[in-house]
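Subject: Structure for your review: aromatic contacts

Dear colleague,

Please find the structure below, followed by a summary of what was found in it.

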Amino acid sequence: MIEKQTVTKELMEENFLKIYGQGENPLVFASPARINIIGEHIDYNGGKVFPAAIDKYLFCAIRKRNDSKIIYNDLFFPGTFSFDINDDFVFDKKNDYANFLNGILCCMKKRGLIFDVGFDCLIASNVPSAGGISSSSALECGFAWAVNETYGFNISRKDIALMGQQSEHEFMNVNCGIMDQYIIATGKKNTAELLDCAKIEHEYVPLNLGDYRFVVMNTCKQRKLADSKYNERRAQCEEGLKILQENGVKIRDLCSLSVDEFEKAGSFIKDEVIFRRVRHCVTEMDRVLKSVEALKNNDLVLLGQYLYQSHDSLKNDYEVTGIELDTLVQSAKENKNCIGARMTGAGFGGCAIALVHKDYIEDFCNSVQEKYKKVVGYEAGFFACSSGDGVSKI
């Protein structure tokens, strides 16, 4: 294992040839991380979300072999994984990150795509893992695009995203939404995407932040409850939808309900917890649409207010934050150079984002760090980011 450093195309090529031997240079592909500006836990409730690809990338170098072998290596993690392209791939815990890659190959083979030979592959990432900015989806979609381009499969970006989701559902047994894979596959620099998760359609929205930048704040907390709580929240939302539909409310999903309609129909839901889960979905959907308009009108202060409101809803109605995320957001809110902050991702740890004036980012990070460590007992991680392009060949 080599010491972690900033990954570049040249570093990938150099180490690929060291590991796999001389010959043609490999093709190198970059796959971004993402932030979700607003629209949390509504992608699986038929809602619209507002993510952006960011300029933190996972890299994948790939070169065809003359036989049917597949060999995976990672620049920063020891161990080599070897398979055969003719294998029937199945999930195996001991295969670690290779499961994400084999899941994609499994989906491709199910679609009837034919591999004439195997390949060598080297992975390396500038994306913090398990930090709530979707390192696993960057891996899946980056690898899928690399294989697609190497073998000339001509798979669309939308289908790359759907394949990433299919792999999570069928191979990794994670019942995720479509947002992460979709923005990573289709993102464009200087834009965010208003993504309709029910129709799987998107609109690019210019991401003009002026003198402000998004700062990602990583709780550095090991997440243990996220998967079980995620499935519990999904089940609660499904129960809320069922109650409304049984009482004659004609909606396809929770996010089809407007705030005004919910004020009339919400009384059908007698269980207070289910009521709050549904209220979050309805109000968060409303905040997404208002946030897009605020951004189109260059009203960053108003956008920031919606970020704070989103966090409050995720804390009080959806209950997916916790002391770490709440401390980060409250500490950010107390800083005069921040105009908005919220948790982003599944919650229970992971990351929050803050909209901070570009001239005071270091001061902001130091101030929030001090307060966070005093409350939580250990340090958070911070980095500023800009928008980035979706998966692409370098």
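Over the face of which ring does Lys-56 lie, and at what distance from the ring centre? The ring is that of Phe-383, and Lys-56 lies 4.8 Å from its centre. Please note that the model is predicted. A second contact involves Lys-333, whose charged end sits over the ring of Tyr-308, 4.9 Å from the ring centre.

Turning to contacts between rings, the count comes to 15 aromatic pairs. One of these joins Tyr-72 and Phe-119, with 6.2 Å from centre to centre and 55° between the planes. This pair is classed as tilted, because planes over 60 degrees apart would be needed for edge-to-face and under 30 degrees for stacked. Tyr-72 belongs to strand β3 (residues 69-74) and Phe-119 to strand β5 (residues 119-125), so that distant parts of the chain, 47 residues apart, are linked. Tyr-72 counts as buried because its relative accessibility is 0%, and Phe-119 is likewise buried at 0%.

Tyr-72 also pairs with Phe-143: the ring centres are 6.0 Å apart and the planes stand at 80°, so the pair is edge-to-face. Phe-143 lies in helix α3 (residues 135-151), so its pair with Tyr-72 in strand β3 ties together parts that are 71 residues apart in sequence. Both Tyr-72 and Phe-143 are buried.

Finally, Tyr-72, Phe-119 and Phe-143 are among the members of one aromatic cluster, which also includes Phe-83, Phe-89, Phe-115, Tyr-151 and Phe-153.

Yours sincerely

Definitions and conventions
Residues are numbered from 1 along each chain as its sequence is written. This is a predicted model: local features need pLDDT of at least 70, side-chain atom pairs count only at pLDDT 80 or more; totals for chains, interfaces and linings use all residues. Side-chain values use heavy atoms; hydrogens and water are left out. Rings of Phe, Tyr and Trp (its six-membered ring) pair if their centres lie within 6.5 Å; planes under 30 degrees apart count as stacked, over 60 as edge-to-face and the rest as tilted. Helices (H or I, at least four residues) and strands (E, at least two) are DSSP runs, numbered from the N terminus. Buried means under 20% relative accessible area, exposed over 50%, partly exposed in between (1.4 Å probe, protein chains only). A charge sits over a ring if NZ of Lys or CZ of Arg is within 6 Å of the ring centre and within 35 degrees of the ring normal.
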